[in-house]
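Reader: Hello! I am new to this structure and would love a close look at one part of it. Could you walk me through how its helices pack against each other, and then place that in the wider chain?

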Amino acid sequence: MTHPAPIDVLSLEPDQLRARLDEHFAGRSQPSYRTGQVVKWVYERLASGWDEMTDLPATEREALASAFRLSEPTEERVAVSKDGTVKHLWRLEDGALVESVLIPTRTRLTLCISSQAGCAMGCTFCATGWGGFERQLTAGEIVSQYRASRRWAEAHDLGAITNIVYMGMGEPLANRKALHPSLTILNRGYDVGARRITVSTVGVVPGILELADRPEQFRLALSLHSPDSELRRELIPLEKRHPLPEVLDALEAFDQAGGKRITFEYTMIRGVNDALELAPRLADLAMRVNAFVNLIPFNPIPYRDWRPSDPVRIAAFARILEGRGVSVAVRGTRGRDIDAACGQLRAHVAEQLGAAAKGS
Ligand code: SF4
């Protein structure tokens, strides 16, 4: 007789988890409060194994271990920047490597998580894009980055994670099968407010429309990087499939869905997309969908000799946007000393592992 595969607890939405546990305990003639005990261990106490659930009898812990799976990534590397940014490289059960980054500021602790191992989008300014696509993450693998990072932050006195951004490796809207449940789990299971969760995309139109349809006010960030379709195509190959006018229509639908904030991310690369003539065009797009604009100096990657725009140019660019009524922030580059740009730590470790394998 073959046994059914254990159910992945971390991939279940809270209602599904309760239903599965009710069924499990009813089948074992256990009282119904057992479900509440396990749910509390999973969502509040962040248990990483059944043995930790000490208010359950040992026989019940064993039965849970054979019916369910509670799997956590292992810490492959951790790097702490001089500016406090913490980058984790996690090894998943099958050996795939993904990154997450903790970014502390005076008032917040933001966690940046990955939605895919690698990425198929091939954006030319991104280390992950150069590394190619490995596989989709499950909802549980996305959520487990939050759980493991939260535990790390608590153990290292960084405080509570206040915000989550899907801006790590991968295009979250190209993995909607896992993205949607992961959003529900983080929001309803771990109680992270929807307005504190931002999904970042390079412009996957069907995914933007799906997010617009969700009742929660999750936020959306568009990696824009150029208001000019032709130039954008050189930076983001997806522009060919979903050109800017189509993306803007989808953003309008998202904006009109009410109370949902849009941010444009604009990485400023010297001599590539920082011409001042582009600023008024960017302002027009931002005004159309009420977008906030983040200007981010380019974080150099090993594959290109591009450099960040001059701070004076960035300031001039910002002034033009502000003069046209756009809310804008110039972001500092965080964690440059620890390869904090998306995909870099993984790329470096992969290089080192490759070199070690060649040398052995
Ligand atoms: S920027 Fe985002 S979508 Fe583009 S290659 Fe990098 S991870 Fe993928």
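Author: Happy to help; what follows looks at two helix pairs, then at the domains and one loop residue. Please keep in mind that this is a predicted model.

Let's start with helix 5, which covers residues 139–155, and helix 6, which covers residues 176–189. Their axes come within 8 Å of each other and cross at roughly 40 degrees. An angle under 35 degrees would count as roughly parallel, and 65 to 115 degrees as roughly perpendicular. Helix 5 and helix 6 are therefore oblique to each other. Their crossing is right-handed. If you would like to find the contact on your screen, look on helix 5 for A139, I142, V143 and Y146. Their partners on helix 6 are A178, P181, S182, I185 and L186. Sorted by class, this contact has eight nonpolar residues and one polar residue, with no charged ones.

Now move along the chain to helix 10 (residues 278–288) and helix 11 (residues 311–323). Here the axes are 9 Å apart, and the packing angle is about 40 degrees. Helix 10 and helix 11 are therefore also described as oblique to each other, and the crossing of this pair is right-handed. On the helix 10 side you will find A279, P280, L282 and A283, and they meet F317, I320 and L321 of helix 11. The contact of helix 10 with helix 11 has seven nonpolar residues, and neither polar nor charged residues take part.

With the two pairs in view, we can step back to the chain. It is divided into domain 1, residues 7–69, and domain 2, residues 74–351. The C-alpha centres of domain 1 and domain 2 are 34 Å apart. Where the two domains touch, domain 1 gives seven residues and domain 2 gives 14 residues. The touching side of domain 1 has four nonpolar residues, one polar residue and two charged residues.

One last stop is G332, which sits in the loop between strand 14 (328–330) and helix 12 (344–359). Is G332 buried or exposed? A residue counts as exposed if 12 or fewer other C-beta atoms lie within 10 Å of its own. G332 has 9 of them within 10 Å, so G332 is exposed. You can also trace from G332 to N299: the two are 33 residues apart in sequence, and their C-alpha atoms are 10.0 Å apart in space.

Note on methods: Residues are numbered from 1 along each chain as its sequence is written. This is a predicted model: local features need pLDDT of at least 70, side-chain atom pairs count only at pLDDT 80 or more; totals for chains, interfaces and linings use all residues. Axes are lines fitted to C-alpha atoms, for helices over the stretch in contact, and angles run from 0 to 180 degrees between N-to-C directions. Helices (H or I, at least four residues) and strands (E, at least two) are DSSP runs, numbered from the N terminus. Angles under 35 degrees count as roughly parallel, over 145 as roughly antiparallel, 65 to 115 as roughly perpendicular and the rest as oblique. A crossing is left-handed if the near helix is turned anticlockwise from the far one by less than a right angle, and right-handed if clockwise. Ala, Val, Leu, Ile, Met, Phe, Trp, Tyr, Cys and Pro count as nonpolar, Asp, Glu, Lys and Arg as charged, and the others, Gly among them, as polar. Domain bounds come from an automatic or database domain assignment. A residue is buried if 20 or more other C-beta atoms lie within 10 Å of its own, exposed if 12 or fewer, and partly exposed in between; C-beta atoms are placed from the backbone.
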